[in-house]
Amino acid sequence: MKACFVFALLIAVASTGIPDPTDLLKYFTDPENWPLKPKLNTADRIAGHGYPAETHEVVTKDGYKITAFRMPYSHKLQNQNEHRPIVLLLHGLFCSSDFWILNGPNDALSFNLVDAGYDVWILNSRGNTYGRKHISRSPEYSNFWRFSWHEIGYYDIAAQIDYALATNGQGQESVHFVAHSQGTSAFFVLMATRPEYNAKIKTAHTMAPIAYVTNTAEKMVTIMAPVLGHQNVFAELFSDQEFLPHNELFSKLGYNVCRPD
């Protein structure tokens, strides 16, 4: 682990153009002047392509604070004063709102939709990089992580649908919804457990939809589910905690090694 850490530091320092890799030691003595560039969030990346971008914090009924990003109109169309149907995009497992914009303005679905005249909202779910806040809980403790894709659907999607409808300001009563993988499972949860939300959906587009996992062949799932899916000592040890945890330094290192350019 220490070797991997040093190797990542060396790569990051090399990517900054510093001629002497020993300068990485300055991080430990003077972190404020560390040459790593700060990470860009979804709004930063959208704005970098010349599109208007908004950042919104949505609070769910059970207290999670989730950041959603909005592309309200297209600078190409200048359609800010026209009717713009709302479309919501939700990512899959291990992803975030960045998923919908990284292919750039020519290919990413979010840019294609805003250029087609839509009011585009790019959602996030609790627990990812844009969903690590709560009104009273800290991600450092297990009670923050006591959720599944059920709560993502029941609380997170519902809150963000209502927020987008209220913020749009054009009196719209329903939205178009696009989801991928885990996002589709969460969407199905919301539609099934809170049926009143079906009236708020104009169209739903589920990519790689997951409604049932009975026939999955994924070895990690088939081996671990019989153990972790029941109340026992292993479930107590491994449940209610962050999966694949990371810290800000490693996130920043990763960003500097794989920058947009």
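Helices and strands here are DSSP runs, numbered from the N terminus. Keep that numbering in mind for this predicted model.

**Whole chain.** Start with everything shown as a cartoon. The chain has nine helices and seven strands. Of its 261 residues, 39% are buried. Now turn on the surface: about 14,700 Å² is exposed, and carbon and sulfur atoms supply 57% of that area. Among contacts between residues at least 6 apart in sequence, 73% join residues at least 24 apart.

**Stop 1: Arg84.** Select Arg84, in the loop that runs between β2 (64-71) and β3 (86-90). Which side chain of opposite charge is nearest to Arg84? It is Asp119, 4.5 Å away. Arg84 is buried but has no salt bridge, because a salt bridge needs a side-chain nitrogen of Lys or Arg within 4 Å of a carboxyl oxygen of Asp or Glu. Next show Gln80: the side chain of Arg84 reaches the backbone oxygen of Gln80 at 2.8 Å. Then add the residues that Arg84 touches beyond four places away in sequence, including Arg70, Tyr73, Tyr118 and Gln172.

**Stop 2: Arg70 and Glu54.** Side chains of opposite charge can pair when their charged atoms come close. A search of the whole structure finds nine salt bridges. One of them joins Arg70 and Glu54, with the closest N and O atoms 3.2 Å apart. Arg70 lies in strand β2 and Glu54 in strand β1 (residues 54-59), 16 residues apart. Arg70 counts as buried because its relative accessibility is 6%, whereas Glu54, at 26%, counts as partly exposed.

**Stop 3: Arg132 and Glu242.** Select this pair and look for the salt bridge, where the closest N and O atoms are 2.8 Å apart. Arg132 is in the loop between β4 (119-122) and β5 (133-134), and Glu242 is in the loop between α8 (233-238) and α9 (248-257), 110 residues apart. Is Glu242 buried or exposed? Glu242 is buried, with a relative accessible area of 17%. Arg132 has 23% relative accessibility, so Arg132 counts as partly exposed.

**Stop 4: Asp162 and Lys200.** The side chains of Asp162 and Lys200 meet in a salt bridge at 2.7 Å, N to O. Asp162 is in helix α5 (residues 149-168), while Lys200 sits in the loop between α6 (182-193) and β7 (201-207), 38 residues apart. Asp162 is partly exposed at 29% relative accessibility, and Lys200 is partly exposed at 23%.

**Last selection.** Show Glu54, Arg70 and Asp119 together: salt bridges that share partners join them into one network.

Key
Residues numbered from 1 in each chain as written. Predicted model: local features only at pLDDT ≥ 70, side-chain atom pairs only at ≥ 80, totals over all residues. Heavy atoms only, no water. Helix = DSSP H or I, 4+ residues; strand = E, 2+ residues; numbered from the N terminus. Buried < 20%, exposed > 50% of the residue type's maximum accessible area, 1.4 Å probe, protein only. Contact = heavy atoms within 4.5 Å. Areas by Shrake-Rupley, 256 points an atom, 1.4 Å probe, with all protein chains shown as cover. Lys, Arg positive; Asp, Glu negative; His and termini not counted. Polar contact = N/O pair within 3.5 Å; in protein donor to acceptor, adjacent residues only side chain to side chain.
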